[in-house]
Amino acid sequence: KEKRIMKLYSVLASLSLLLLNFTIQAESQDYPKNENLINLKEYEFKEKVLDDTTDQIWFVKFYAPWCGHCRHLYPEILKVSEHYKGNEKVKIAKVDCSVETKLCKEQNVVSYPTMRIFSKGNLIKQYKRPKRTHTDIIKFIEKGIQPDIIKIQSYDQINELSSDLSAYPILLIMFNSETEINQNLEFLEEIVKKNDFEVTIAVTYAKSVKSRVLENTKDHKFSNTDLCLTSPCITMIGKDNFSPSILLVKETEFTLNFMQQYRFPFLNAPSRMEFIEYLNSGNLVVIMGIKENVQINHEISGDFITDFGKVAEKVRREMFLPIKFSESETPRGILFAIVDFVSYSSLFREFGITNFNFIQGYEIVVSDGLKYYYNRPDMMKIPVLFETIKLISNQDSKVPKLKAYSIFNLNTIRRFFYDLNVIISDIFYKSWIHAIAVTVIAFLIVAGLTVFCCLIFFGDLADSYLLHDDMATIEMQNMAPSSEKKVINNKDEKSDNELENSSLSDTVRFSDEEPELEEPRKER
């Protein structure tokens, strides 16, 4: 039995190695060499990227060959390297973490792909945006080259920085003089150090800039327009974010929470990656699920998308955010998102919505991250949504907080398999060769483990049952009377034939009283 197990595993191991070699060869086709994209070894990384005497900017992508996202990103990185072709100041490079394991461990690379900007031997910034097109990466590199804090002298500079406010909003801190800026440098450096968002930090003391910004934000209920004329203030300049201009609070945590809320537009139809960022941002997310080509009863629901946007704008303009809610330790904001109900049906099921309301044309649920949600049906209607949000922010028991993602919840199990399917599809959508190879390897591993477990847990048991059946058969044969057998009382005259029979079962002895054996034989 052990020999059979070893032979089986040797065959499975050989097939796995062959398929793994085939997969690696196929992966090499996804990473064609390019002279503009530098492949760095450990010693080259330390000599070039970590050199503090050079003014070069290094954009480095840390990856692994088996990573599906890395393969998908590779053509975009090639376009970035083509863009900076011949540029001596900016260099584009990659590091294979499956080879340079020590280097990646030293650089604390924990996920793939990881993209970072280095300058003068120091890490400047890490790319964290959900969009990963070559255009977005080039903008990220250009932003990384900029100073940590930009001084605004005229409003034209804001217009130049505002080319892509949806991706790179601006935190503008307004002072009254350059002396005030210098007095607050330590606070500003702390903000820069803890700024993990794609937010440009700018300061100004120009009166023309300050007056124009205050004019644009005066409609917000909580804007301190008059006080800001003489005191330091902050605001966020972004796409449709409706940020107020408020007095500067020299608390790092408050400023970061302010950025976290107002860097998003008041209403958005996010992509999948942006929606994941919404859910993980720590903000309360009001989610509207809709379906395309659904006949809506407008007498009941009206123009619900426009009305939903009005509620979102009203929350931004009339509620001072960030606020504390749901027993949160830090203030958080409120975001509004419109998504396709079908695409996120598993998420809606997790939040207690299993069927779409075709009469009103939408479903609304309020998500507190991914742990909790609010879904009282009679309060998730647009006419009362603003009041519902106020009750949630005040932690009113009229809107109960429900827990999501319990391991004993059937919806959680369904969502697990749904997410697993999405991940596998996302990793292997590019190359069917990888999908087939990995599927076969996984099948062989599962099959091998199944056979091994069967032999271990059921092998001895099966043998014992078979052995028991054999012994019972032999015992029955020996106990059955035969006309050819003769019982001889004299032990010295036993034949060789009877000695053989007695050796088969030394516990069975025959006597002349045949009736005594008849009943046991019948029972057997």
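Begin by selecting Ser-367, which you will find in strand S13, the stretch that covers residues 362–368. Keep in mind throughout the tour that what you have on screen is a predicted model. Is Ser-367 buried or exposed? Ser-367 has a relative accessible area of 0%, and because buried here means under 20%, this serine counts as buried. To see what surrounds Ser-367, show its contacts, leaving aside residues up to four places away in sequence: it touches Leu-279, Asn-283, Leu-284, Val-285, Ile-287, Phe-351, Tyr-372 and Tyr-373.

Next, zoom out to the whole chain. Colour it by secondary structure, and you can look for 20 helices and 15 strands. Of the 524 residues in the chain, 42% are buried. If you consider the contacts between residues with a separation of 6 or more, 71% of them join residues that are 24 or more positions apart. Should you switch on the surface, the accessible surface of the chain comes to about 30000 Å², and carbon and sulfur atoms hold 54% of it.

Now select strand S3, residues 90–96, where 7 of its 7 residues are buried. In a regular strand, side chains alternate between the two faces of the sheet. With that in mind, look at S3 from one side, where Val-90, Ile-92, Lys-94 and Asp-96 lie, and then from the other, where you meet Lys-91, Ala-93 and Val-95; the residues on both faces are all buried.

Add the strands that pair with S3. Strand S1, residues 38–39, runs parallel to S3 and is joined to it over 2 bridges, and within this pairing you can find Ile-38 standing opposite Ala-93. Strand S2, residues 57–63, also pairs with S3 in the parallel sense, here over 7 bridges. Which residue of S3 is the bridge partner of Tyr-63? The partner is Asp-96. From S2, follow the chain through helix H3, residues 68–83, until you arrive at S3, and you will have traced a right-handed β-α-β crossover.

For the last stop, select helix H11, residues 252–262. Since 10 of its 11 residues are buried, H11 is largely enclosed by the rest of the structure. Among the buried residues of H11 are Thr-252, Phe-254, Leu-256, Phe-258, Met-259 and Tyr-262. What covers the buried residues of H11? Display its surroundings, and the cover includes helices H8 (185–194) and H14 (304–318), together with strands S7 (170–174), S9 (233–237), S10 (246–247) and S12 (334–340).

Terms used
Residues are numbered from 1 along each chain as its sequence is written. This is a predicted model: local features need pLDDT of at least 70, side-chain atom pairs count only at pLDDT 80 or more; totals for chains, interfaces and linings use all residues. Side-chain values use heavy atoms; hydrogens and water are left out. Buried means under 20% relative accessible area, exposed over 50%, partly exposed in between (1.4 Å probe, protein chains only). Helices (H or I, at least four residues) and strands (E, at least two) are DSSP runs, numbered from the N terminus. Two strands pair if DSSP finds at least two bridges between them. A crossover is right-handed if, with the strands pointing away from the viewer, the path from the first strand over the helix to the second runs clockwise. Contact means heavy atoms within 4.5 Å. Accessible areas come from the Shrake-Rupley method with a 1.4 Å probe; for residues, only the protein chains shown count as cover.
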